[in-house]
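The following exercises practise the reading of a structural model, from the whole chain down to single residues. Each task is followed by a solution in steps.

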Amino acid sequence: MTGKWNYQPLTHQQKQQADAMAEHCGGIEAIAELLIRRGVTTAKEADAFFSPSISHLHDPFLMPDMDKAVNRLNKAMGAKERIMIYGDYDVDGTTAVALVYKYLQNYYSNVEYYIPTRYEEGYGISLKSIDYAAENGIKLIIVLDCGIKAIDEIAYAKEKGIDFIICDHHVPDEELPPAVAILNPKMPDSTYPCKYLSGCGVGFKFMQAFAMSNGLSSHNELESLLDLVAVSIAADIVPIIGENRVMAYHGLRRLNSNPNLGLRSIIRLCKLTNKDITISDVIFKIGPRINASGRMQSGIEAVDLLVCRDLHEAYEKGKDIDQYNKDRKELDKRITEEANRLIEDNTGIIKGKRSIVIYNKDWHKGIIGIVASRLTELYYKPSVVLTYSNGIATGSSRSVQGFDIYSAVNSTRDLLENFGGHTYAVGLSMKEENIPEFSRRFEEYVAKNIQPNQLSPHLDIDAVIDFADITPELVSYLKKLNPFGPGNQKPVFCTKNVFDFGTSKLVGKNLEHIKLELEDDSTSHVINAIAFNMSQYFEHIHAHKPIDICYTIEQTKRSNNPDSIQLMIRDIRPSEQ
């Protein structure tokens, strides 16, 4: 059981808007309802939503400091200065570095890239990298997906005659680093229309502005890099709305038709060749492999792969990264099991509490973010997982839907050495002796601010429909709602009073899944469905008792045959008599 089912019928005004929209959606009321729930209320908006156009990208110069950033880059290239592209070691950072490096390489060769090591240098801008830059005559550093809190580090670089352009999307503090330019849609004075760009997305906007300022009319060079932006958007879980939707849409098209050689090798290793790659594939297959490089070894190997120009070399580099991912999975499994045992053996960690904070100095630093995610999913509480690295406790936190964990961590900032992140994920570090007080104050903040409905899972339903509504035409329009992700989740439908056709059966190694053939009173057509890990409902279903189901609609093969439609069951309940 998932928990509470949320369905809010359309208001009278929304119903009127949906009725007017329906004729623009082939007369399909469910599609009109989905659009209204996504804030799409006019035919013009529907056209833009169904067919996102590159022309819908915003003017990059709407972002504060963009003119300063472009002028400094142009000055560096005019003076033949050595430029360093610097980024975080995760998917967003490495794709951002690869994008900016690849684009600038078309016009300028005196450029290199640098990714800090997670274990020696840690997150953000390291003093080691600045010393390296000074020793190698680098005068300008373009930093991507980090840097917004690097006040001391950038001041240190400034003393050495090194300028910084920051391209970040993390929440800034009141005090800002002394950079030449700060490109960040979350800046307090920013009126940039898309607040939720990925770090790679900010890098793309910078290159777009650079192209415009230099009269570089060929859009193909920029658009060919959107596959990297799409990967960053998916992996960093930023909302796929507005400008992000445009970039994700065209980036996925690129990923499916002509991806860069590095991504092509990963696609091959994921066995996604000749398949329709989705945002979900990026999140669960492509992204983790790129991330594994920074978690297990060095993120620079991911950039090496993403900028590779030789297909054979790219495949060999891809195989190395694929192996890192296999090693990561084994480590992830072991540490998650250890974390669960720690919680089970020490009930005080969660008993009566609304958050989880755990610490083990022997855990692998590159895995603790994944473990925090696992704990959040299992216990449905904001979770912080800490380990020990380079003389300091360092960790990652993850949140439940609707709760701002950044604010929770920020409330303890006087105990921290460093922190940064987003609403749902924050990295942090502190002295080991501060952990008990951090745990107490973090729990105090969460208990005071989290809402009761945020402490249990719930399922948001987009539309209540009958089986007669599930047609090839509906499926065709659902495809137009892609790409799915935060802000535009895959639609969840509900159908009530459904019966087993008489042929449903248990499947799986341990008979833990149900393969269903279902019917309702609206049609004689039998609908195929699969319910993973829901065998507890089988006896009720097999007894031909009515059930209510929540589900997404999938297509098992590329055809308009109704038999190719399959429901992916999200939850089951016995129908109310």
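**Exercise 1. The chain as a whole**

Task: Determine what percentage of the contacts in the chain between residues at least 6 apart in sequence join residues at least 24 apart, and then describe the fold and surface of the chain.

Solution.

Step 1. Of the contacts (heavy atoms within 4.5 Å) between residues at least 6 apart in sequence, 67% join residues at least 24 apart.

Step 2. Note the basis of the values: this is a predicted model, in which local features need pLDDT of at least 70 and side-chain atom pairs count only at pLDDT 80 or more, whereas totals for chains, interfaces and linings use all residues. Residues are numbered from 1 along each chain as its sequence is written, and side-chain values use heavy atoms, with hydrogens and water left out.

Step 3. Count the secondary structure: the chain has 20 helices and 19 strands, these being DSSP runs numbered from the N terminus (helices H or I, at least four residues; strands E, at least two).

Step 4. Compare the radius of gyration with the globule rule. The radius, taken over C-alpha atoms, is set against 2.2 Å times the number of residues to the power 0.38. The chain has a radius of gyration of 25 Å, close to the 25 Å that the rule gives for 577 residues, so it is as compact as a globular protein of that length. The C-alpha trace spans about 75 × 60 × 50 Å along its principal axes.

Step 5. Assess burial and surface. Buried residues make up 53% of the 577 residues; buried means under 20% relative accessible area, exposed over 50%, and partly exposed in between (1.4 Å probe, protein chains only). The chain exposes about 25500 Å², of which carbon and sulfur atoms supply 47%; these areas come from the Shrake-Rupley method with a 1.4 Å probe.

**Exercise 2. Ser-504**

Task: State where Ser-504 is placed, whether Ser-504 is buried or exposed, and which side chain the side chain of Ser-504 meets in a polar contact.

Solution.

Step 1. Ser-504 occupies the loop between β14 (493–500) and β15 (505–507).

Step 2. Because its relative accessibility is 4%, Ser-504 counts as buried.

Step 3. A polar contact is a pair of N or O atoms within 3.5 Å; within protein, one must be able to donate a hydrogen and the other to accept it, and residues adjacent in sequence count only if both atoms are side-chain atoms. The side chain of Ser-504 makes such a contact with the side chain of Asp-500 at 2.7 Å. The Ser-504 side chain also reaches the backbone nitrogen of Glu-517, at 3.1 Å.

Step 4. Beyond neighbours within four places in sequence, the contacts of Ser-504 include Phe-538 and His-542.

**Exercise 3. Met-247 and Lys-480**

Task: Establish which helix holds Met-247 and which helix holds Lys-480, and describe the surroundings of each residue.

Solution.

Step 1. Met-247 belongs to helix α11 (residues 243–257), and Lys-480 belongs to helix α19.

Step 2. Met-247 has 0% relative accessibility and therefore counts as buried. Lys-480 is partly exposed, with a relative accessible area of 36%.

Step 3. Not counting residues up to four places away in sequence, Met-247 touches several residues, among them Leu-57, Leu-197, Phe-204 and Ile-233. Met-247 and Leu-57 are 190 residues apart along the chain, with their C-alpha atoms separated by 8.1 Å.

Step 4. With the same exclusion of residues up to four places away, Lys-480 touches Phe-49, Phe-50 and Arg-245. The C-alpha atoms of Lys-480 and Cys-308, 172 residues apart along the chain, are separated by 33 Å.

**Exercise 4. Backbone geometry in loops**

Task: Identify which peptide bond to Pro-483 is cis, and locate Asn-274 and Tyr-380.

Solution.

Step 1. The cis bond runs from Asn-482 to Pro-483, with omega near 0 degrees. Pro-483 lies in the loop between α19 (472–480) and β14.

Step 2. Asn-274 has phi near 65 degrees, a positive value in a residue other than glycine. Asn-274 sits in the loop between α12 (261–269) and α13 (279–296), and is exposed, with a relative accessible area of 76%.

Step 3. Tyr-380 has phi near 55 degrees, likewise a positive value in a residue other than glycine. Its place is in the loop between α16 (368–379) and β8 (383–389), and at 17% relative accessibility Tyr-380 counts as buried.
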